[in-house]
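Subject: Structure handover

Hello,

I am passing the structure on to you, with notes on what was found in it. Please read the notes with the model open.

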Amino acid sequence: MNELGWNDWFARRADCKPTDTVARVAAVDRDQLLLVDQIGQFRAKLAGSYLHRHHLSHELPCVGDWVCVEKQPGEDFGVIHALLERRTSLRRKSAGNVIEYQMIAANLDYVVIVQSCHFDFNLNRLERYLVMVMEGGAEPYILLTKSDLVEPAVLAAQLAEIRSAGITAPIVPLSNITRDGLDDLQRLLLPGKTYCFVGSSGVGKSTLINQLIGREKLETGAVSGTGEGRHTTVRRELIRLDGGALVIDNPGMREFGILGAEGGIEGSYSGITALSSRCRYHDCSHTGEPGCAVLAAVDAGEISREALESFLKLKEESAFNDMSYAEKRKKDRDFGRYIKSAKNDLRKR
Ligand SMILES: Nc1nc2c(ncn2[C@@H]2O[C@H](COP(=O)(O)OP(=O)(O)OP(=O)(O)O)[C@@H](O)[C@H]2O)c(=O)[nH]1
Ligand SMILES: [Mg+2]
Ligand SMILES: [Zn+2]
């Protein structure tokens with residue numbers, strides 16, 4: 001099972017019935033799941049009793065999950081009785097819902113954030129992805145695809161922009177056309193580890209995974225004149241490469257809310273976080289308090305002002321995202337009232 005990503009962490013927590021065995025979720029199609037174990041792939045359904053006890057979408061198995069499944073000898077269809085605890089995950093908050101998460105994938109070792117250096121590159125979006133990855137407990141890699149479509153200077157500027165924002169994750173620029181950089185990526189893909197590829201539609205995720213497989217397994221899309229994609233991939237799937245790495249392709253993603261992102265931000269801006277421990281006040285906001293070590297580092301040119309600004313902006317945004325829907329509504333209302341009374345005050349003058 002280790003070749004499917006199984007390890008001691010799961011073994012210690014697995015608590016299947018004696019009649020069940022463990023298998024990993026390779027794909028989810030409506031109410032059927034495609035599972036894989038050491039013998040091969042087979043289809044399965046969730047047991048009725050499981051569906052009775054679990055109603056939230058993140059309580060249902062997603063790609064990458066380990067499950068306890070009952071399969072009669074000689075049959076090729078299973079019944080899932082339990083979901084094993086997730087070691088890591090990638091998830092986003094469901095719109096307007098405070099307790100439900102939309103799972104993207106589970107038990108990932110690495111999330112490969114893919115942006116195209118042609119039209120798609122965006123530092124703010126990259127930072128949001130990084131926060132989501134850190135929050136879920138996986139390690140981030142950054143891929144800049146379509147390097148064949150931009151001048152080397154453009155790529156160099158994007159790399160510099162990422163580094164000066166204080167982002168330390170490994171970055172691999174590559175082209176699926178010239179195959180430049182493909183070897184660098186191959187070196188990062190380890191047997192038995194799970195890699196989830198995320199990014200906007202049309203950046204070349206499926207094309208890349210096909211290259212890694214060595215054949216056209218996944219459907220890829222034609223690109224419009226602007227280089228924008230069209231959501232060619234509609235299904236997530238866990239695929240084992242010849243080298244032994246497990247990869248998950250994803251449909252292109254639109255913007256998402258950040259979840260409980262405080263820890264994630266601190267992680268992706270480890271430099272700024274480390275400095276804040278030297279600020280005079282432990283709850284320093286790094287916006288002008290005396291004895292602020294972060295502002296001192298900005299003045300000394302050790303960290304860029306832009307990095308601090310995006311750190312502060314992201315923190316503010318994540319605090320907003322961490323609020324419950326009701327709190328957000330209240331905040332909006334309070335703000336509306338504030339504006340109204342301020343206007344009245346002006347009129348009275
Ligand atoms: N010039 C160039 N084109 C590329 C590269 N990688 C992919 N493409 C093209 O970009 C288009 C979209 O590629 P896909 O692999 O379908 O993109 P995707 O990220 O899987 O898109 P979704 O499935 O919609 O999320 C295809 O026409 C590819 O041939 C690259 O490195 N350079
Ligand atoms: Mg695709
Ligand atoms: Zn400070």
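The notes below go from the whole chain to its sheets, its core, its helices and a few single residues.

Overall

Please keep in mind that this is a predicted model. The chain contains eleven helices and 13 strands. It has 349 residues, and 34% of them count as buried. Among the contacts with a separation of 6 or more, 67% are between residues 24 or more positions apart.

The barrel

Five strands form a closed barrel in the order β1-β2-β3-β5-β4, and their pairing is mixed. On average, neighbouring strands of this sheet are turned by 55° against each other, direction ignored. Within the barrel order, β3 (residues 41–46) and β5 (residues 77–83) run parallel and are joined by four bridges. One residue pair to look up here is R43 and its bridge partner in β5, F77.

Strand β8 and the core

Strand β8 covers residues 110–116, and seven of its seven residues are buried. What lies on each of its two sides? Y110, V112, V114 and S116 are on one side, V111, I113 and Q115 are on the other, and both faces are covered. In a regular strand the side chains alternate between the two faces of the sheet. β8 pairs with β9 in the parallel sense over seven bridges, and S116 has T145 of β9 as its bridge partner.

Several β8 residues also stand out in the largest nonpolar core. This core has 69 residues, and those that touch the most other members are V67, A105, V111, V112, I113 and C196. Helix α3 (residues 123–136) supplies the largest share of the core, seven residues. In soluble globular proteins, nonpolar side chains tend to be buried together. V111 can serve as an example: leaving out residues up to four places away in sequence, V111 touches L90, V133, A138, P140, C196 and V198.

Helices α4 and α6

Helix α4 runs over residues 152–164, 13 residues in total, and spans 18 Å from its first C-alpha to its last, close to the 18 Å expected at 1.5 Å a residue. G166 follows α4 and has a positive phi, near 85°.

Which residues of helix α6 (residues 205–213) are buried? They are K205, S206, L208 and I209. Seen down the axis of α6, these buried residues fall within an arc of 160°, so they line one face of the helix. They pack against five strands, namely β8 (110–116), β9 (139–145), β11 (194–198), β12 (237–240) and β13 (246–249). Just after α6 comes G214, with a positive phi of about 95°.

Positive phi outside glycine

Two residues that are not glycines also take a positive phi. For R179 the value is about 70°. R179 sits in the loop between β10 (171–173) and α5 (182–188). R179 counts as exposed because it has 11 C-beta neighbours inside 10 Å, and the limit for exposed is 12 or fewer.

For H286 the phi is about 55°. The loop that holds H286 lies between α8 (270–276) and α9. H286 has 19 other C-beta atoms within 10 Å and is therefore partly exposed, since a buried residue needs 20 or more.

Two residues with distant partners

V298 belongs to helix α9 (residues 293–299). Is V298 buried or exposed? V298 is buried, because 20 other C-beta atoms lie within 10 Å. Apart from neighbours within four places in sequence, V298 is in contact with I303, R305 and L308. V298 and I272 are 26 residues apart along the chain, and their C-alpha atoms are separated by 10.0 Å.

L189 is in the loop between α5 and β11. With 18 C-beta neighbours inside 10 Å, L189 counts as partly exposed. The contacts of L189, neighbours within four places in sequence aside, are Y195, L241, G243 and A245. The C-alpha atoms of L189 and Y110 are separated by 9.4 Å, although the two residues are 79 residues apart along the chain. Y110 also appears above, as one of the buried residues of β8.

Regards

Methods: Residues are numbered from 1 along each chain as its sequence is written. Chains are lettered from A and ligands numbered from 1 in the order in which they are written. This is a predicted model: local features need pLDDT of at least 70, side-chain atom pairs count only at pLDDT 80 or more; totals for chains, interfaces and linings use all residues. The expected span of a helix is 1.5 Å times one less than its number of residues. The arc is that of the directions from the helix axis to the C-beta atoms. Two residues are in contact if their C-beta atoms, placed from the backbone, lie within 7 Å. A nonpolar core is a set of buried Ala, Val, Leu, Ile, Met, Phe, Trp, Tyr and Cys residues joined through C-beta atoms within 7 Å. Two strands pair if DSSP finds at least two bridges between them. Axes are lines fitted to C-alpha atoms, for helices over the stretch in contact, and angles run from 0 to 180 degrees between N-to-C directions.
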